[in-house]
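Here is a short note on the ligand site and the domain layout. Please read it with the model open.

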Amino acid sequence: MTQPIAGIQKRFSELYGRAPAGIVRAPGRVNLIGEHTDYNDGFVLPIAIDKCTLAAFAPTDGRTVNLASVQQEGAPASFDLDADIEKGSPKWANYPKGVAAGLVEKGIELTAMDILFDSDVPIGGGLSSSASLEVSAALAMLAAAGREIDDYELALICQKAEHEFAGTPCGIMDQAISVMGQSGRALLLDCRNGEYRQIPFDNPDLLLLVADTKVKHDLTDGGYAARRDQCYSAAAKLGVKMLRDADADMVSAAADKLSDKELTRARHVVSEIDRTLRAVEAMEAGDYAEFGQLMYASHTSLRDDYEVSCEELDEIVELAAGLEGVYGARMTGGGFGGCAIILARAAQADNIAAEITKNYTARFGHPCVIFPTRAAAGAGSAQDNRI
Ligand code: GLA
């Protein structure tokens, strides 16, 4: 765990006047490959990272749930358990409120409680800060209520909170990996039905670098939803339920029926689903050169056909491609800014990070922030030894 729990314990006591009863954690993620496939019923291959949101909590008397965050200014937000839970202001509190509404809808009786969140997942940086907030809120509320629910169901409740309370029509990937991640494993998730396989990703000779452009993305501003709609209209014209059910031949054969955007979006999705499954085979065979080539192909497709990259992400991938010891690189997450990932030989990773930072700074006048990550554990207690 990157975050020590002493800090949040102290701040909780200062804010609420007593010690927390428990502390839970939920990680952010990077996706190795399988981008913009989840809402098309496709496959994704994310890992949980060791940056996370902590939620310290303690049940109280009464019927009020108080929500505060170390990262947010202002008095705690709150909601009443005897009234309908509704979204409002401050915006950040809509995520935990949406989760609470989803739990209540599932028949879970929530307890009045105080919660304090503290996160080292950069907000809006493409590492799933919002999913880690949702999942940590869910675990705190479930722990206080003395209830447990199935992992995938929990992810679905958090996804619904994001749709209905935050206005982002996201897929299931971010919430699922935050809940289901395992140390040393990448999660191959079938987003059609929640079936999954945990794929070993723990070779000590490899290092995954995350390069944060610091270009903030906002998935509520329409670009994400527009792509989702283009995928759905392409699927309808192809006569399939979802693009998962199409392949490259079907897409090119239907080129005249599709608008330009529908064609390029569909081409990305069907090729990306195929690349994801091939990447798993490559990973299982220890063929990182092949895995890396698939990463580059994924990036090109996201840049040219899906149009969700930006010049900062393209620059990082291009710089990485020219360096010795790099297997592959690509943007990760929704795009429009955020982070790129670089799969590198561990022995050369320091040098690779330094070279990219130097050249990136020369081009943009400010550095990108590069840090190594590994496949970390999914959400759970912050006080046990899972991490
Ligand atoms: C965001 C969404 C995910 C997924 C990715 C793109 O992170 O929250 O559901 O669609 O974008 O792969």
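1. A residue counts as near the ligand if one of its heavy atoms lies within 4 Å of it. The model is predicted. By that cut-off, 13 residues surround the ligand. The closest are Glu 35, His 36, Asp 38, Asp 174 and Tyr 224.

2. What is the make-up of the shell around the ligand? Five of its residues are nonpolar, four are polar and four are charged.

3. Now the polar contacts. Glu 35 places a polar side-chain atom 2.6 Å from an oxygen atom of the ligand. For Tyr 224, a polar side-chain atom also lies 2.6 Å from a ligand oxygen atom. Gly 171 uses its backbone: an N or O atom there lies 2.8 Å from an oxygen atom of the ligand.

4. Next, burial of the ligand. On its own, the ligand has 310 Å² of accessible area, and the protein covers 97% of that. The ligand sits in the largest pocket.

5. How is the protein chain divided? Domain 1 spans 6–200 + 376–381, and domain 2 spans 206–373. Their C-alpha centres lie 26 Å apart. Domain 1 gives 40 residues to the contact between them, and domain 2 gives 46 residues.

6. Which domains supply the shell around the ligand? Both domain 1 and domain 2 do, with at least three residues from each. When you inspect the site, keep both domains in view: the shell draws on domain 1 and domain 2, and the ligand occupies the largest pocket.

Note on methods
Residues numbered from 1 in each chain as written. Predicted model: local features only at pLDDT ≥ 70, side-chain atom pairs only at ≥ 80, totals over all residues. Heavy atoms only, no water. Polar contact = N/O pair within 3.5 Å; in protein donor to acceptor, adjacent residues only side chain to side chain. Areas by Shrake-Rupley, 256 points an atom, 1.4 Å probe, with all protein chains shown as cover. 1 Å grid on protein atoms, 1.4 Å probe; cavity = no way out; pocket = protein on both sides within 12 Å on 5 of 7 lines; lining within 4 Å. Sits in = over half its atoms within 2 Å of the grid points. Nonpolar A, V, L, I, M, F, W, Y, C, P; charged D, E, K, R; others polar. Domains from an automatic or database assignment. Contact = heavy atoms within 4.5 Å.
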